[in-house]
Every structure is written in C-alpha cells, then in structure tokens.
Amino acid sequence: MRWLLVLIGMWAWPFSALAGGFDVVALGAHGGLEDGNLSAYLVRPIGEDRGVLCDAGTIFNGLEVAERRGALSAIAIPPGTSWTRPGYIAREVVKGYLISHAHLDHVAGLLALSPDDAPKPIYALASTNRAISQHLFNGAIWPNMGDRGNSPRIGLYHYRDLSIAVPISIDGTNLRVTAYPLSHGGIASTAFLIESGSDALLYLGDTGPDDIEHSHALHALWQAIAPRLQAHRLKAIMVECSYDDSRPDQLLFGHLSPHWLLRELREMQKIGGVSLRGLPVLVTHIKPTLKAAPAPERTILSELEAGNSGLGVRFVIAEQGAHWMWR
C-alpha cells in the first residue's frame with residue numbers, strides 16, 4: 001500500500017493568486033538501502049521547463065518512475081528530438097545540481113548518469129565539492145567528469161563553490177539559491193533556500209538536531225529564513241526524518257526522528273514569530289527497514305501527526321514519482 005496517494009498537491013500558505021510557486025517531483029525519496037530510490041528532487045518554477053536537482057542519489061530510474069506516474073507530462077519536449085522524455089529532462093531540463101553533501105545516497109545517481117549527461121554546474125559548499133572531486137570523480141572510483149582534481153579531467157561538470165548565506169543565480173534558470181550549513185554526524189551538510197521571484201522553498205540535506213549535534217546550525221537557519229516566514233514567502237519545507245521515535249538518540253547518526261523534527265519546527269515558529277499552520281512540510285530521507293515491521297512511513301507520519309496539534313503544519317511523506325505544486 002502506498003502511503004502517499006496524491007500525485008499532485010497544490011497548496012497556498014496563505015492563499016494567493018495563481019502565480020509563482022514551485023513545481024517539485026521526487027526522483028528518489030529514501031535515505032539509503034533501496035538503490036534506485038535515493039534522495040533527488042527536481043525543482044522548477046511553476047510553468048517553467050528549466051530547473052535544478054536537489055541532491056542526486058537517483059536520477060534516471062527516478063525519471064522513468066516519474067514518467068510512468070505522469071509527473072513529467074507537463075514538460076514540453078521539442079518535436080523531433082532524439083531523446084526520450086526522461087533523457088531530455090536529465091540533459092536539458094535539469095540545469096544544475098544542488099548537492100547537500102557527498103554521501104553516496106545523495107550522489108550515486110549523478111555518477112551513474114554522468115557519461116550521458118550534458119555539461120552543467122555542481123553547486124555545493126566547498127567542502128562538498130572537494131569531497132566529490134577527490135573521492136568520487138577522481139579517476140579511480142569513477143572517471144573524472146569534473147573540471148578539478150586528477151588528470152585526465154573530462155570537464156563535463158563545473159564545480160561552483162557556494163559561500164554561506166550569499167545568494168547566487170542558478171545558470172539557465174530563473175532560480176536563486178542561498179546555502180546554509182548543517183551538521184550531519186560530524187560532517188558538513190547543507191540547506192538550500194531556493195527562490196523564484198518573491199517565492200521561497202527550503203530544502204534541507206541530512207541533519208541532526210542541534211542538541212545532539214552540539215551545534216547551532218538549525219537555530220541559525222531558522223533565524224535566516226524568519227523574514228520569509230514573516231512575509232509568508234516560504235511556500236514549503238523539505239526536511240529529513242530518517243527514523244521513527246523508537247530509534248535511540250545515540251544511534252541517529254546525524255539524522256532527525258519525529259520528536260526532534262517537531263521540536264525544531266517549534267523552534268522555527270518561535271524564532272519566526274508567526275504561526276506555521278498550513279505550511280507544507282515534505283518529509284524526506286526516510287530509511288527503509290529490513291525488519292518484518294510496519295512501513296516506516298506509516299509510523300513516522302503517525303508520530304509526527306501526534307505532535308502536530310500545536311503547529312498545524314501539513315505533513316506529506318515523500319514518495320518516488322510523486323509531484324507537488326506549492327504556490
């Protein structure tokens with residue numbers, strides 16, 4: 001049974017004219033274990049056929065799944081093209097990659113696709129781009145498809161190092177992105193604030209709660225996005241919740257569970273000084289289990305809803321091939 005039954009969800013917070021907003025398709029939704037369904041989200045301004053991929057754990061298989069589910073049908077394919085729809089979207093609609101960190105469940109699809117991809121940038125913090133160029137596209141693990149590192153360099157991908165809290169335009173799109181650091185079990189991960197006109201969408205890579213990570217990264221992020229909350233410009237949040245609440249804190253390994261996610265959302269509401277009621281929160285990076293147990297999606301959603309009465313956000317569980325439009 002699928003736990004997300006709606007393919008296209010339109011939501012306004014608060015209600016606004018039918019203009020602007022974001023079109024999001026999950027090419028991969030899980031946080032490990034299920035190869036072929038790992039973190040990757042196609043983000044476009046509504047009505048535009050140019051966008052960016054937030055993480056790249058799965059690309060081509062995710063595009064094929066999304067195509068079968070009809071999530072890509074609105075993207076215009078030029079007549080006479082030699083590419084399939086997934087092939088055209090991978091090469092031409094995706095104008096760049098926002099990579100939160102270099103763990104394999106966030107980059108494996110990028111490596112697999114690279115021999116058939118078109119040239120484009122990889123946007124990431126310098127530490128993440130360094131890890132990709134030194135340990136993945138290094139000529140030993142995979143041919144060096146980038147423009148840094150070991151020779152021979154094929155140069156298909158251009159590394160674009162993001163500075164913290166400095167917005168830049170995403171080449172070939174009408175999107176801007178601002179990077180903020182996250183703490184993920186001892187390594188740097190990234191939150192991306194994506195903007196289109198006056199609208200904003202927040203995507204978080206892997207992150208643990210501040211209290212466990214001995215960090216102020218999430219607190220600083222909530223402070224940074226508070227003006228968008230207060231102006232009702234933030235259309236949705238995409239945030240991980242890898243484990244249910246039965247997972248001990250010492251075994252979270254830089255991830256969130258429902259009670260920690262709820263706690264962080266309450267902190268965001270407190271810092272922003274406005275209600276989050278009705279705000280879409282897409283729950284990402286749920287880790288499948290090998291145990292004979294209820295699906296983690298069911299348990300995590302139940303635990304989140306149990307603590308949601310004071311927040312009133314709209315929790316949605318990410319599912320491969322699902323499509324959302326947030327205005």
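**View 1. Leu202 and its neighbours in the largest nonpolar core.** Contact here means heavy atoms within 4.5 Å. This is a predicted model, so local features need pLDDT of at least 70 and side-chain atom pairs 80 or more, while totals for chains, interfaces and linings use all residues. Residues are numbered from 1 along each chain as its sequence is written, and side-chain values use heavy atoms, with hydrogens and water left out. Leaving aside residues up to four places away in sequence, Leu202 touches Ala191, Phe192 and Leu193. Its contacts also include Leu221, Trp222 and Ile225, then Leu234, Ala236, Ile237 and Met238. The core around it (buried Ala, Val, Leu, Ile, Met, Phe, Trp, Tyr and Cys residues joined through side-chain atoms within 4.5 Å) has 35 residues. Those with the most contacts inside this core are Leu202, Leu204, Leu221, Met268 and Phe315. A second, separate core has 32 residues, and Leu72, Tyr97, Ile122 and Met145 are among them.

**View 2. Helix 7 and what it packs against.** Helix 7 covers residues 258–272 (helices are DSSP runs of H or I, at least four residues, and strands are runs of E, at least two, numbered from the N terminus). How far apart are the end C-alpha atoms of this helix? They are 21 Å apart, which agrees with the 21 Å that its 15 residues should span at 1.5 Å a residue (1.5 Å times one less than the number of residues). On its buried list (under 20% relative accessible area; exposed is over 50%, partly exposed in between, 1.4 Å probe, protein chains only) you'll find Pro258, Trp260, Leu261 and Leu262. Glu264, Leu265, Met268, Gln269 and Gly272 are on that list too. What do these buried residues pack against? Their partners are helix 5 (210–213), helix 6 (217–230), strand 12 (234–240), helix 8 (296–306) and strand 14 (314–317). Met268, buried in helix 7, is also one of the residues with the most contacts in the largest nonpolar core. Just past the end of the helix, Gly273 takes a positive phi of about 75 degrees.

**View 3. Leu110 in helix 3.** Leu110 sits in helix 3, which runs over residues 104–113. Is Leu110 buried or exposed? With 0% relative accessibility, Leu110 counts as buried. Skipping residues up to four places away in sequence, Leu110 touches Ala56, Ile59, Tyr97, Ile122, Phe137 and Tyr157. Two of these, Tyr97 and Ile122, also turn up in the second core. Take a look at Thr58 as well: Thr58 and Leu110 are 52 residues apart along the chain, yet their C-alpha atoms are separated by 7.3 Å.

**View 4. Backbone oddities in three loops.** Most residues other than glycine have a negative phi, and most peptide bonds are trans. Leu33 goes the other way, with a positive phi near 75 degrees. You'll find Leu33 in the loop between strand 2 (22–28) and strand 3 (40–45), and it is exposed, with a relative accessible area of 52%. His285 has a positive phi as well, near 65 degrees, and belongs to the loop between strand 13 (280–284) and helix 8. His285, though, is buried, with a relative accessible area of 1%. Where is the cis peptide bond? It joins Ser151 and Pro152, with omega about 0 degrees. Pro152 lies in the loop between helix 4 (126–135) and strand 7 (157–162).
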